[in-house]
Amino acid sequence: KYVNKDLANRILDNPEALKLGGDRRVITVFFSDIANFTHFSEQSEPEALVAQLNEYFEVMAGIILQNNGNLNKFEGDAIMAFWGAPLDQPSHAVLAAQSALQCRAALTGLHAKWQAEGKPLLNFRIGLSTGDAIAGNVGSSERFDYTVMGDIVNLGARLESANKEYGTHVMIPDATVAQLGDAFELRR
């Protein structure tokens, strides 16, 4: 429940891997964030807010995991995931892009349900980024998490927020575009 099943199996096979540090990997990172979440949270009772947020997370996390993503963390209303670590995934960018589009499509079903229940409708933005990162255990000797760090991780987070300026829902850099080939229809 706390780590991706592939990472759990790797730990079982190699328990000495549970140490601080990491390896350089080529990955694709995924950041999503709910638009106007502060306003939404101010207008909602805490119990209703958490229930609806958990329903949203359940659907989005399910899509990421179905596409073999490593669900890294939920931070407030944000989701961070990545592909390409700890195990090699040659199509990491394609899997991340598929997840982004499937998450956006799943929002339609959630909106219909929430509208019928009289709940507010949520919208979200996604940033993807592909390139070199350090993947490994970060923290202290008492508690650490498997995560990814590097410029491309920061870029993914910034692209997510840049969607607001451009009125878009998913934004990717040239490095991700290069990995996708002709698998997706893209626009500048």
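**Notebook: a buried arginine, two cores and a pocket**

I began with a side-chain pair in this predicted model, and found that Arg125 and Glu160 are joined by a polar contact of 3.5 Å between their side chains. I placed Arg125 in strand β4, and then asked myself whether Arg125 counts as buried or exposed. Arg125 counts as buried, because its relative accessibility is 14% and the cut-off for buried is under 20%. Listing what Arg125 touches, and leaving aside residues up to four places away in sequence, I noted Phe31, Ser32, Asp33 and Ala35, together with Glu160, Asn163, Lys164, Thr168 and His169.

**Entry on the cores**

I turned next to the nonpolar cores, where the largest one has 31 residues, and where Phe30, Tyr56, Ile79 and Phe124 are the residues with the most contacts inside it. I traced the elements that give two or more residues to this core, and they are β1 (21-34), α2 (37-42), α3 (46-66), β3 (78-83), α4 (92-116) and β4 (124-139). Which element gives the most to this core? I found that it is α4, with nine residues.

For Tyr56 I wrote down the full set of contacts beyond four places in sequence: Ser32, Ile34, Asp77, Ile79, Leu110, Trp114, Leu122 and Phe124. I also recorded a second, separate core of twelve residues, with Phe82, Ala133, Tyr146 and Val153 among them.

**Entry on Leu107**

Staying with helix α4, I looked up Leu107, which is found in that helix and is buried, with a relative accessible area of 4%. Leu107 touches Met60, Trp114, Leu122, Asn123 and Phe124, again not counting residues up to four places away in sequence. I took one of these partners further: Leu107 and Leu122 are 15 residues apart in sequence, and their C-alpha atoms are 8.3 Å apart in space.

**Entry on the second largest pocket**

I then examined the second largest pocket, for which I have a volume of about 710 Å³. Its lining consists of 21 residues, and those that lie nearest its centre are Val170, Met171, Ile172, Leu186 and Arg187. The elements that give two or more residues to the lining are α4, α5 (151-166), β6 (170-171) and α6 (174-180), and α4 gives the most, with four residues. How is the lining of the second largest pocket divided by class? I noted 13 nonpolar, three polar and five charged residues.

**Entry on the backbone**

Last, I went through the backbone for unusual angles, bearing in mind that most residues other than glycine have a negative phi and that most peptide bonds are trans. In the loop between β1 and α2 I found Asn36, whose phi is positive, near 55°, and which is exposed, with a relative accessible area of 56%. In the loop between α3 and β2 (70-75) I found Asn68, whose phi is also positive, near 60°, but which is partly exposed, at a relative accessible area of 38%.

Where does Pro86 lie? I located Pro86 in the loop between β3 and α4, and I recorded that a cis peptide bond joins Ala85 and Pro86, with omega at about 0°.

Key:
Residues are numbered from 1 along each chain as its sequence is written. This is a predicted model: local features need pLDDT of at least 70, side-chain atom pairs count only at pLDDT 80 or more; totals for chains, interfaces and linings use all residues. Side-chain values use heavy atoms; hydrogens and water are left out. A nonpolar core is a set of buried Ala, Val, Leu, Ile, Met, Phe, Trp, Tyr and Cys residues joined through side-chain atoms within 4.5 Å. Buried means under 20% relative accessible area, exposed over 50%, partly exposed in between (1.4 Å probe, protein chains only). Contact means heavy atoms within 4.5 Å. A polar contact is a pair of N or O atoms within 3.5 Å; within protein, one must be able to donate a hydrogen and the other to accept it, and residues adjacent in sequence count only if both atoms are side-chain atoms. On a 1 Å grid over the protein atoms alone, a cavity is a set of points where a 1.4 Å probe fits but cannot get out, and a pocket is an open set with protein on both sides within 12 Å along at least five of seven lines; lining residues have an atom within 4 Å of a point. Grid points are joined across faces, edges and corners, and a volume is the space filled by probe spheres set on the points. Ala, Val, Leu, Ile, Met, Phe, Trp, Tyr, Cys and Pro count as nonpolar, Asp, Glu, Lys and Arg as charged, and the others, Gly among them, as polar.
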